[in-house]
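Welcome! Let's take a guided walk through a protein model, one piece at a time. Keep the picture in view as you read.

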Amino acid sequence: MSDFQKFLFEGLPVRGMVVRLTDSWQTLLSRRETPLPPEVMNLLGEMSACALLLQGNLKFDGTLILQVAGDGPVKLAVAEARTDLSYRATANVVAAVPTGANLADLLNVHGGGRCAITLDPSDRPTGVQPYQGVVPLNDAEARRFTRLEQAVEHYMKMSEQLDTKIVLAANAEGAAGMLIQRMPLEGEGNLEGRFGAERALELEDAFPRIAMKVGTLKPEELLGLPLDELLHRLFWEEPLRRFDPAEPKFRCTCSRERVGRMLVGLGREEVDSILLERDDVEIACNFCGTPYRFDAVDCTQLFQTEGGVAPPPAELH
Ligand SMILES: [Zn+2]
């Protein structure tokens, strides 16, 4: 069963959550038309776990979209997580993936890689763009990130000004992640005056100490240990309080209308050339593989209503 659980440390300004995707992750993989290279599959698993952690962390009412786009063999990879912890993910691979490729090899070969996080509220009025924040896949010294965690931690530091520690892991059986975040304290500048030196040090020290423990997690532990045992092994010395678990699920939100927009993106000429050879155009959802068919009449209507305007190139439907 896929699992998601939040926790905090009693009396300490640190909170966290852990996610593990098993059956839902396998469902997602089984719905793909073509299998992904293992390096890209693992990245998608880590992105799915990460999107759920960020969604759980922000408690955002709507869809959180985590995207990495770049100039390597992977053009774009997307993971979406919704308030109810349903999620989907897909990637667009345009060239051969070298064995053992890391994030930089996959998406940031020439330094053009970006990581974007979009918050699309469920009550967003039509015509209003959702909020999006973007960070490069390099640090301030232009060193390329080799792992997704580095990019997302960097993003959190820039956007929320909060220290965050994230660990992620994925393979063909599962995907998992843990997030730990330092909570802001009121009037943080003068902890010592408010609490006394010893307590101030304890509060200051909690995040780096707990983050260090999280950093020792091995991928096989994150993916394989029962969650109870995992949390106990890491935090048995800490005042851990756990909340009720929830269950993430794979769910696609595709529709005929959105897939139709993808066809419009291909362009009239391309669609007409397909229709010359066959009765209809069949196009499958990038996320869940559901096929959608459009015959010549459907296509004519599509181009009339959409006016032939192509969606932005980075968009997947
Ligand atoms: Zn779909």
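Which residue in E10 is the bridge partner of Phe7? Look along strand E10, and you will find that Arg242 is the partner of Phe7. Before we go further, please keep in mind that this is a predicted model.

That pair of residues is a good way into a whole sheet. Strand E1, residues 3-9, pairs with E10 in the antiparallel sense, and 3 bridges hold the pairing. These two belong to an open sheet of 5 strands in the order E8-E9-E2-E1-E10, with antiparallel pairing. At its edges are E8 and strand E10 (240-242), each of which pairs on one side only. On average, neighbouring strands here are turned by 15° against each other, if direction is ignored. A helix also packs on this sheet: H8, residues 227-235, touches E1, strand E2 (14-21) and E10. The direction of H8 makes about 25° with that of E1.

Now let's visit the other open sheet. This one has 6 strands, ordered E7-E6-E3-E4-E5-E11, and its pairing is mixed. Strand E7 (131-136) and strand E11 (249-250) are the edge strands, each pairing on one side only. Start at the E7 end, where strand E6 (residues 114-121) pairs with E7 in the antiparallel sense over 6 bridges. One residue pair to look for is Leu119 with Tyr131, its bridge partner in E7. Helix H4 lies across E6 and E7, and runs at about 120° to E7.

Further along the sheet, strand E4 (residues 74-82) and strand E5 (residues 86-93) run antiparallel and are joined by 7 bridges. Within this pairing, Glu80 has Arg88 in E5 as its bridge partner. E4 and E5 form a hairpin with 3 residues between them, and in the turn Leu85 has a positive phi of about 65°. What does the mixed pairing look like at the other end? There, E5 and E11 run parallel and are joined by 2 bridges, and Ser86 stands opposite Lys249 in E11.

With the strands in place, we can look at what is packed inside. The largest nonpolar core has 65 residues, and Leu44, Met47, Ala49, Cys50 and Ala51 touch the most other members. Helix H2 gives the largest share of this core, 11 residues. Leu44 shows how such packing brings residues together: not counting residues up to four places away in sequence, Leu44 touches Leu36, Ala77, Ala79, Ala89 and Ala91.

Cys50 deserves a closer look. Cys50 sits in helix H2, which covers residues 38-58. Why is Cys50 called buried? The reason is its surroundings: Cys50 counts as buried because it has 27 C-beta neighbours inside 10 Å, and 20 or more are needed for that label. Leaving aside neighbours within four places in sequence, Cys50 is in contact with Leu66, Leu148, Val152, Ile166, Leu168 and Gly177.

Compare that with Asp163, in the loop between helix H4 (148-160) and strand E8 (164-170). Asp163 has 16 C-beta neighbours inside 10 Å, so it counts as partly exposed. Beyond its neighbours within four places in sequence, Asp163 is in contact with Arg182 and Phe207. Although Asp163 and Arg182 are 19 residues apart in sequence, their C-alpha atoms are 5.5 Å apart in space.

Finally, let's step back to the domains. The domain assignment of the protein gives domain 1 (3-250) and domain 2 (256-306). Their C-alpha centres lie 35 Å apart, and 5 residues of domain 1 are in contact with 5 residues of domain 2. On the domain 1 side of this contact there are 4 charged residues, 1 polar residue and no nonpolar ones.

Our last stop is a second hairpin. Strand E12 (residues 280-284) pairs with E13 in the antiparallel sense over 5 bridges, and Asp280 stands opposite Asp295 in E13. The hairpin has 6 residues between the strands, and Gly289 takes a positive phi near 80°. Along strand E13 (residues 291-295) the side chains alternate: Tyr292 and Phe294 point to one face and are buried, while Pro291, Arg293 and Asp295 point to the other and are not. Phe294 also belongs to a second, separate core of 5 residues, which includes Leu263, Val281 and Cys299 as well.

Note on methods:
Residues numbered from 1 in each chain as written. Predicted model: local features only at pLDDT ≥ 70, side-chain atom pairs only at ≥ 80, totals over all residues. Domains from an automatic or database assignment. Contact = placed C-beta atoms within 7 Å. Nonpolar A, V, L, I, M, F, W, Y, C, P; charged D, E, K, R; others polar. Helix = DSSP H or I, 4+ residues; strand = E, 2+ residues; numbered from the N terminus. Buried ≥ 20, exposed ≤ 12 C-beta atoms within 10 Å, placed from the backbone. Pairing = 2+ DSSP bridges. Axes fitted to C-alpha atoms, helices over the stretch in contact; angles between N-to-C directions. Core = buried A, V, L, I, M, F, W, Y, C linked by C-beta atoms within 7 Å.
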